Each structure stands twice: as structure tokens, then as C-alpha cells.
Amino acid sequence: IEGSTWRNTFTKGKKLLIEGIDILSSIAPVECPVILGNHDTIKAYAIGEVIDAWYRNSKDVKVDNSPVPRKYIQYGETLVAYGHGKTEKLQDYPLLIANEAKEMWSHTKFREFHCGDIHHTKVLKWISDEEYMGCVVRFCRSIAGTDNWHKDQGFIGSLRSAEGFLFSKENGLISQFHAN
């Protein structure tokens with residue numbers, strides 16, 4: 001929110017997260033993996049603690065604010081990994097999942113790694129020599145605006161967008177949504 005203080009954006013972000021989680025948890029259980037970024041490490045951790053405390057007695061909301069850089073969620077035949085995407089090498093994503101989430105890897109057919117560091121859409125796909133060990137890596141857009149640091153670096157013009165993904169327990173990704 002341009003021109004706002006960090007306090008205002010933190011408070012508005014908290015309200016937005018709670019509203020969204022409340023809506024989603026009225027439909028189905030919600031898992032919230034908190035992923036720290038490279039510009040907002042402390043704020044991301046703090047909001048994760050706030051959300052975890054807010055939903056501490058909820059049966060339908062699970063918050064993972066653990067200090068690990070990558071988080072993994074299994075939904076039926078699908079494994080979705082979440083990470084910031086700044087420090088890992090692209091070619092390492094499939095093996096990171098296979099090593100850090102061995103059980104989930106072995107029990108799933110569809111595997112995706114969702115990152116956000118580059119703030120624009122990029123889709124990559126690796127397939128092993130046997131063609132049955134695929135892993136899609138997605139760099140998702142950001143809803144963040146262009147601040148002075150991004151302007152100085154020349155990172156301008158990216159479309160602000162939130163992305164949503166709908167997975168089937170049996171068939172993996174079945175739909176993708178964008179809110180610009």
C-alpha cells in the first residue's frame with residue numbers, strides 16, 4: 001500500500017489474512033505454511049506468529065511457522081512444496097523435495113514447487129529419464145507494488161496479481177486462477 005507505514009500495512013495485512021482464512025475454513029480445513037521472503041523476514045515471521053496465536057484453538061486451521069525454508073503439503077496424489085525461491089538452484093528443486101519430503105514424494109503422482117522471488121510468472125518442468133518422476137516449478141506473481149528498491153534495481157512493470165490453484169485429490173492441478 002503505497003505511502004503507508006509498515007504498521008498500517010502489517011495491520012491491514014493481518015486483517016486480510018484473517019478474513020481470507022475465515023472464509024476458506026468455512027468451506028474446508030486450511031493449512032497455512034509461512035514462507036519467509038528476502039525483504040520481509042521479520043515481518044513474515046511476526047505475522048505467522050500472530051496468525052498461529054489467532055487460530056490456536058481452531059480445529060480447521062493449521063499454521064506452520066517453523067523456521068525451515070521450504071514447506072510441504074500433500075493433498076491426495078499431489079505434493080505441493082513452497083519456498084521463497086531466491087537461494088535454491090532451479091535444477092535442485094525436484095531433488096530437494098525428494099530428500100526433504102521422502103514419504104510424500106513416494107506417495108504422490110503430481111509434484112509442484114511454488115516460489116515467489118522473481119515476482120512474475122515462470123513455469124518450468126523437469127522429467128526424469130524414466131518420465132514418471134515429473135516436478136513442475138512455478139514462480140508466482142506478487143501482489144506487492146513497486147517500491148523504491150525495486151525501482152532502483154529496474155524491476156518495474158510486473159503485473160500485480162494473486163494466483164490460486166485448485167487441485168483434485170486424484171488428478172493433480174485442475175484449475176488456476178488469477179486476480180489482478
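**View A. V80 and E112 face each other across two neighbouring strands of this predicted model.** In strand 5, the residue that serves as bridge partner of V80 is E112. The two strands concerned, strand 4 and strand 5 (residues 110–115), run parallel and are joined by five bridges. Another pair in this view is formed by T78, which stands opposite F110 in strand 5.

**View B. Strand 3 and strand 4 form a hairpin.** Strand 3 (residues 70–75) runs antiparallel to strand 4, and six bridges join the two. Within this pairing, I73 stands opposite V80 in strand 4, while V80 also has E112 as its bridge partner in strand 5. Two residues lie between the strands of the hairpin, and G76 takes a positive phi near 60° there.

**View C. Strand 5 also pairs with strand 7.** Strand 7 (residues 135–139) and strand 5 are paired in the parallel sense, over four bridges. Here the bridge partner of E112 is V136 in strand 7, and E112 is likewise the partner of V80, so that a reader can follow the pairing from V80 to E112 and on to V136. In a regular strand the side chains alternate between the two faces of the sheet.

**View D. Strand 4 and strand 5 are mostly buried.** How many of the six residues of strand 4 (residues 78–83) are buried? Five of them are, and strand 4 is therefore largely enclosed by the rest of the structure. Strand 5 is mostly covered as well, with five of its six residues buried.

**View E. Helix 1 packs against helix 2.** Two packed helices are described by the angle between their axes and the distance between the axes. For helix 1 (residues 6–25) and helix 2 (residues 41–54), the angle is about 40° and the axes are 11 Å apart. An angle of this kind falls outside the ranges for roughly parallel, roughly perpendicular and roughly antiparallel, and the two helices are therefore oblique to each other. The crossing of helix 1 and helix 2 is right-handed.

**View F. Residues of helix 1 and helix 2 meet where the helices pack.** From helix 1, the residues W6, F10, K14, L17, I18 and I21 take part, and they meet K43, A46, I47, V50, I51 and W54 of helix 2. The residues of this contact divide into ten nonpolar, two charged and no polar.

How values were computed. Residues are numbered from 1 along each chain as its sequence is written. This is a predicted model: local features need pLDDT of at least 70, side-chain atom pairs count only at pLDDT 80 or more; totals for chains, interfaces and linings use all residues. Side-chain values use heavy atoms; hydrogens and water are left out. Axes are lines fitted to C-alpha atoms, for helices over the stretch in contact, and angles run from 0 to 180 degrees between N-to-C directions. Angles under 35 degrees count as roughly parallel, over 145 as roughly antiparallel, 65 to 115 as roughly perpendicular and the rest as oblique. A crossing is left-handed if the near helix is turned anticlockwise from the far one by less than a right angle, and right-handed if clockwise. Contact means heavy atoms within 4.5 Å. Ala, Val, Leu, Ile, Met, Phe, Trp, Tyr, Cys and Pro count as nonpolar, Asp, Glu, Lys and Arg as charged, and the others, Gly among them, as polar. Buried means under 20% relative accessible area, exposed over 50%, partly exposed in between (1.4 Å probe, protein chains only). Two strands pair if DSSP finds at least two bridges between them.
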